[in-house]
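Reader: I would like to learn how to read the features of a model such as this one, taking each kind in turn. Could we look at it together?

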Amino acid sequence: MASRLFLRSALSLRRASRCASSSSSSSFRFVSSSGFCSSSGTPGFHPLPVSDAAVGIEQPAPESSLVVDRSGLFNTPEHSHGPGPSEETPMAKHLKALIRFRGGPITVAEYMEEVLTNPNAGFYMNRDVFGTHGDFVTSPDISQMFGEMVGVWSMCLWHQMGQPEAVNIIELGPGRGTLMADLLRGTAKFKDFSQTLSVHLVECSPALRKIQHETLKCVYKGGAEEKPTADGQNSEVVDDRISQISGVPVAWHFDLDQVPRGVPTIIIAHEFYDALPIHQFQKSPRGWCEKLVDVAEDDCQGLRFVLSPGPTAASKLFLTRRMKWASLQEKAEIEHVEVCPQAMKVTADIAKRVGGDGGGALIVDYGDSKIVSDSLQAIKKHEFVHVLDSPGNADLSAYVDFAALKHVVEDAAVYGPITQSQFLGALGINFRLESLVQNATDEQAEALQLGYWRLVGDGPAPWLDSDDDVNRVPPGMGSRYKALVVVNDKYGAPVGFQ
Ligand code: SAH
């Protein structure tokens, strides 16, 4: 079983060895280029005015703010397209139609958003993508101890919060719902805490919502397993569910804004941020340009990356903002930059919520405390594929820029990032392992120990020798994955972050 992390590490090595360049993107709509002309060699690039309202992460991503003439676009040879023609998936067809309709390329952010969350053919939308038979494996699936430790962290935070009688526990992007199920199971006997909870799951995928309903053993109030209607005549649906794991209410939402305010809140985001759409920028002789996705010249070759002829509205907005926080060394050395405005917006919203209503948020993901350079990658059935191949059938994800997240927090305190290994260690995962092993069969004990090592270990498994198949035990996730917390500034540092 290969983990997402393992595959990502392998790609990093491959990438490093061929010095691949980066990409750049923005979430801007490209309007038809007809009517614009450019002489060869001169970028035919006509930025429309960017309204003041679009500046700043509070605002939705700007639209209609850029026109690109294709003749000014550069090919980016390293990333033009994958090793072969892109698979003509329904999503690939949709993207080509979109690009043609627009009359110009789309940004990498738009590409990522369509590929992952388009309601009809998005990667996450219509199936279970996790586990051995899916595309990748995440920590909650590796060991129950992961969700249990997040439960311990949440309970400690609840004590710091003054033990409020009602708490909204929100999970962003719950996947199969395994983390929340382990958290509820692990904390169920601490009734003072567990009975205060109302679970709110922020999930865009109907298929995953169904799986989450099952994992959390949900029933409709009154015990019905099927969705009842309000009454015989009225088609209005009663969506009042409770989890039989600990008897707490569970509700689903499409985004954080939909979760009711005014109640102290604990927010968990595990491997959610890496799925948010990023913009990619690249330094060129013409200055900072943006990487875009276009239809290949030879249509049967599918999609290709191109570079914008010059600065774009996205580079002016997001790149400029990100570079303000860069160190002098980063500014001097960096050639490729990824920026995720949605990640910054979600984090700013989280800070406002926990700053106002009380509570805190835990963000765990793989990433760095510095500018992220060129990390976007695609995984299909536990194998790396080119980012433009198989759109809609492969997961896309990018490193999280924790430094940028810290910069957008206002009216709340932010701590970390610390490594996953430090985080789980501080919460006592080794004691939990010991107690589980005591009651386990030999086979179960071995699985528990392996899971423990995967979560907190670093690099290749030390017990493998050179003849062993390294794919058998993927490298530990202990230092690549990081934990960041945003908490109401009345409490001081939460456990693990003191
Ligand atoms: N936390 C889980 C799953 C991570 S995968 C785990 O660690 O196993 C990312 C999850 O975020 C999926 O559930 C996906 O459907 C959801 N997701 C991705 N983009 C989203 C968006 N824009 N809004 C809501 N959910 C999203």
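Author: Let us begin with polar contacts, for which the general idea is a pair of N or O atoms within 3.5 Å. The model is a predicted one, and in it a polar side-chain atom of His270 lies 2.5 Å from an oxygen atom of the ligand, so by that cut-off the pair counts as a polar contact.

Reader: Which backbone atoms make polar contacts with the ligand, and at what distances?

Author: A polar backbone atom of Gly175 is 3.0 Å from an oxygen atom of the ligand, while a polar backbone atom of Cys204 is 3.4 Å from a nitrogen atom of the ligand. Taken alone, the ligand exposes 570 Å², and the protein buries 92% of that area.

Reader: How many residues surround the ligand, and how do the residues of this shell divide by character?

Author: The ligand is surrounded by 17 residues, the closest being Thr138, Gly173, Gly175, Glu203 and His270. By character, the shell divides into eight nonpolar, six polar and three charged residues.

Reader: Turning to aromatic rings, how many aromatic pairs does a search of the whole structure find, and how is the geometry of a pair read?

Author: The general idea is to take the angle between the ring planes, where over 60 degrees counts as edge-to-face. The search of the whole structure finds six aromatic pairs. One of them joins Phe272 and Tyr273, whose ring centres are 6.0 Å apart and whose planes stand at 90°, so this pair is edge-to-face. Phe272 and Tyr273 are both buried.

Another pair is formed by Tyr366 and Tyr399, with ring centres 4.8 Å apart and planes at 75°, so the pair is again edge-to-face. Tyr366 belongs to strand E13 (residues 359-368), whereas Tyr399 is in the loop between strand E16 (395-397) and strand E17 (400-401), so the pair ties together parts that are 33 residues apart in sequence.

Reader: Are Tyr366 and Tyr399 buried or exposed, and which residues form an aromatic cluster with them?

Author: Burial is read from the relative accessible area, and under 20% counts as buried. Tyr366 has 0% relative accessibility and therefore counts as buried, and Tyr399 is buried as well, with a relative accessible area of 16%. Together with Tyr481, Tyr366 and Tyr399 form one aromatic cluster.

Reader: Where do charged side chains sit over the face of a ring?

Author: For this feature one reads how far the charged end lies from the ring centre, with 6 Å as the limit. Arg209 lies over the face of Phe254, at 4.0 Å from the ring centre, and the charged end of Lys291 sits over the ring of Phe305, 4.2 Å from its centre. Arg209 is part of helix H8 (residues 206-215), and with 18% relative accessibility Arg209 counts as buried. Its C-alpha is 9.8 Å from that of His253, although Arg209 and His253 are 44 residues apart in sequence.

Reader: What does the side chain of Asp401 reach, and where does Asp401 lie?

Author: Asp401 is in strand E17 and is buried, with a relative accessible area of 11%. The side chain of Asp401 reaches the backbone nitrogen of Ala404 at 3.0 Å.

Reader: I would also like to read the backbone itself. Which peptide bond is cis, and which residues other than glycine have a positive phi?

Author: For the peptide bond one reads omega, and the bond from Gly416 to Pro417 is cis, with omega near 0°; Pro417 has its place in strand E18 (residues 413-419). For phi one reads the sign, which is positive in Lys381, with a value near 50°, and in Ser390, with a value near 55°. Lys381 is in the loop between strand E14 (377-380) and strand E15 (383-385). Ser390 is in the loop between E15 and E16 and is buried, with a relative accessible area of 3%.

Reader: Finally, where is Asp239 found, and how far apart are Asp239 and Ala251 in sequence and in space?

Author: Asp239 is in the loop between strand E5 (218-220) and strand E6 (241-243), and at 39% relative accessibility Asp239 counts as partly exposed. Asp239 and Ala251 are 12 residues apart in sequence and 7.8 Å apart in space, C-alpha to C-alpha.

Conventions
Residues numbered from 1 in each chain as written. Predicted model: local features only at pLDDT ≥ 70, side-chain atom pairs only at ≥ 80, totals over all residues. Heavy atoms only, no water. Near = heavy atom within 4 Å. Polar contact = N/O pair within 3.5 Å; in protein donor to acceptor, adjacent residues only side chain to side chain. Areas by Shrake-Rupley, 256 points an atom, 1.4 Å probe, with all protein chains shown as cover. Nonpolar A, V, L, I, M, F, W, Y, C, P; charged D, E, K, R; others polar. Phe/Tyr/Trp six-rings, centres within 6.5 Å; stacked < 30°, edge-to-face > 60°. Buried < 20%, exposed > 50% of the residue type's maximum accessible area, 1.4 Å probe, protein only. Helix = DSSP H or I, 4+ residues; strand = E, 2+ residues; numbered from the N terminus. Lys NZ or Arg CZ within 6 Å of the ring centre and 35° of its normal.
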